[in-house]
Amino acid sequence: MRYFILSDIHSNLEALEAVLEDIGKISPSDKLICLGDVVGYGPNPNECIELMKERAGVTIMGNHDHAVLGLTDPAYFNPYAAYMVFWTRSVLSPANREALESYRISVIEGEILFVHATPKDPLNWEYIFSASDARHHLQDLKEHLCFIGHSHVPLYYAMDPRGRLTGGRKPAFTLRVDDQLRYIVNVGSVGQPRDYNPQSAYAIYDVDNKTIEVRRVPYNIQAVQRKMKEADLPPFLINRLSQGV
Ligand code: ZN
């Protein structure tokens, strides 16, 4: 079986559609998991929530989803993110608000943990960027694999039984999964990549072949930027999409 793992769509419908097209038809034994932040920043929150309702087996709660529901205080967000929390609330349909409320904080499937930010204290919305951040979470991780999003930067860290760490940031990669190691894998962002590569990112975990692949997919950035201009959204948020920051 294969897991298709998407994160940080951020209301970017063009990017989400390009990723779903890259995935293609999935078999009944495969599963699509969304790691949260379906909304925030982009112009199509309703459409992205509806597509994930249709396609994802599980959707995890992200900090932007949580803030739109009024559960995380947007005062902790940068001014552009906070503005988009209020904008998203103003356009969200009642049915889609209910969909956001159904998102899970974390999900364990066998040996795999799915969570938006970190395995420990997921509602603190901390980031895993460095080896020491990864070590802090890997040393107590009970599962073999943990898939995360949140930073919008694809990376992986693996820890062996003696506590030795390998890995780091990479724009795209294929990992052979070793049963002896424990892993944290950031699948990157569908709708707002921040690793200076503007292409969408997502991951495929092939359970039988024991591989994890993070892929990059081009999408029509100008189309979403046009919509954002028409909706009078902040130019900073419009421009960052073409720079991948
Ligand atoms: Zn995000």
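In what order do the six strands of the open sheet lie, and is their pairing mixed? In this predicted model, the order is S4-S5-S6-S10-S7-S8, and the pairing is mixed.

## The sheet and helix H6

Strand S4 (106–109) and strand S8 (165–169) form the edges of the sheet; each has a single partner strand, so one side of each is left without a neighbour in the sheet. From one strand to the next, the twist averages 10 degrees. At the S4 edge, four bridges join S4 to strand S5 (residues 112–115), and the two strands run antiparallel. Isoleucine 108 has leucine 113 in S5 as its bridge partner.

Helix H6 (residues 131–138) lies across strand S7 (155–159), S8 and strand S10 (182–186), and runs at about 50 degrees to S7. Histidine 137 belongs to helix H6. With a relative accessible area of 3%, histidine 137 is buried, because the cut-off for that class is under 20%. Leaving aside residues up to four places away in sequence, histidine 137 touches Thr118, Pro119, Lys120, Glu126, Ile128 and Ile184. Its side chain reaches the backbone nitrogen of lysine 120 at 3.5 Å. Histidine 137 and methionine 1 are 136 residues apart along the chain, and their C-alpha atoms are separated by 27 Å.

## The zinc site

The zinc ion has as protein donors Asp8 (OD), His10 (NE2), Asp37 (OD) and His152 (NE2), which lie 2.0 to 2.4 Å from the ion. Along the chain, these donors follow the spacing D-x1-H-x26-D-x114-H. Histidine 10 and aspartate 37 link distant parts of the chain, being 27 residues apart. Histidine 10 is in the loop between strand S1 (2–6) and helix H1 (13–23), whereas aspartate 37 is in the loop between strand S2 (31–34) and helix H2 (45–55). Both histidine 10 and aspartate 37 are buried.

Why is the arrangement of the four donor atoms around the zinc ion irregular? The donor atoms subtend angles of 88 to 178 degrees. A tetrahedral assignment requires all angles to lie between 85 and 135 degrees, so the upper end of this range rules it out. For reference, the ideal angle for four tetrahedral donors is 109.5 degrees.

## Aspartate 30 and the chain start

Aspartate 30 is placed in the loop between H1 and S2. Its relative accessibility is 10%, and therefore it counts as buried. Not counting residues up to four places away in sequence, aspartate 30 touches Met1, Arg2 and Phe4. A polar atom of the aspartate 30 side chain lies 2.9 Å from the backbone nitrogen of arginine 2.

## Helix H7

In helix H7 (residues 221–230), the buried residues are Ile221, Ala223, Val224, Gln225 and Met228. These buried residues pack against H1 and helix H8 (235–243). At the start of H7, a side-chain oxygen of asparagine 220 comes to within 3.4 Å of the backbone nitrogen of glutamine 222. Aspartate 232 follows H7 and has a positive phi, near 60 degrees.

## Side-chain contacts to backbone nitrogen

The table gathers the contacts of this kind described above.

| Side chain | Backbone nitrogen | Distance |
|---|---|---|
| Aspartate 30 | Arginine 2 | 2.9 Å |
| Asparagine 220 | Glutamine 222 | within 3.4 Å |
| Histidine 137 | Lysine 120 | 3.5 Å |

Technical notes. Residues numbered from 1 in each chain as written. Predicted model: local features only at pLDDT ≥ 70, side-chain atom pairs only at ≥ 80, totals over all residues. Heavy atoms only, no water. Pairing = 2+ DSSP bridges. Axes fitted to C-alpha atoms, helices over the stretch in contact; angles between N-to-C directions. Contact = heavy atoms within 4.5 Å. Donors = N, O, S within 2.8 Å, 3.2 Å for Na, K, Ca; no water. Tetrahedral: all angles 85-135°; square planar, octahedral: opposite > 155°, others 65-115°. Buried < 20%, exposed > 50% of the residue type's maximum accessible area, 1.4 Å probe, protein only. Polar contact = N/O pair within 3.5 Å; in protein donor to acceptor, adjacent residues only side chain to side chain.
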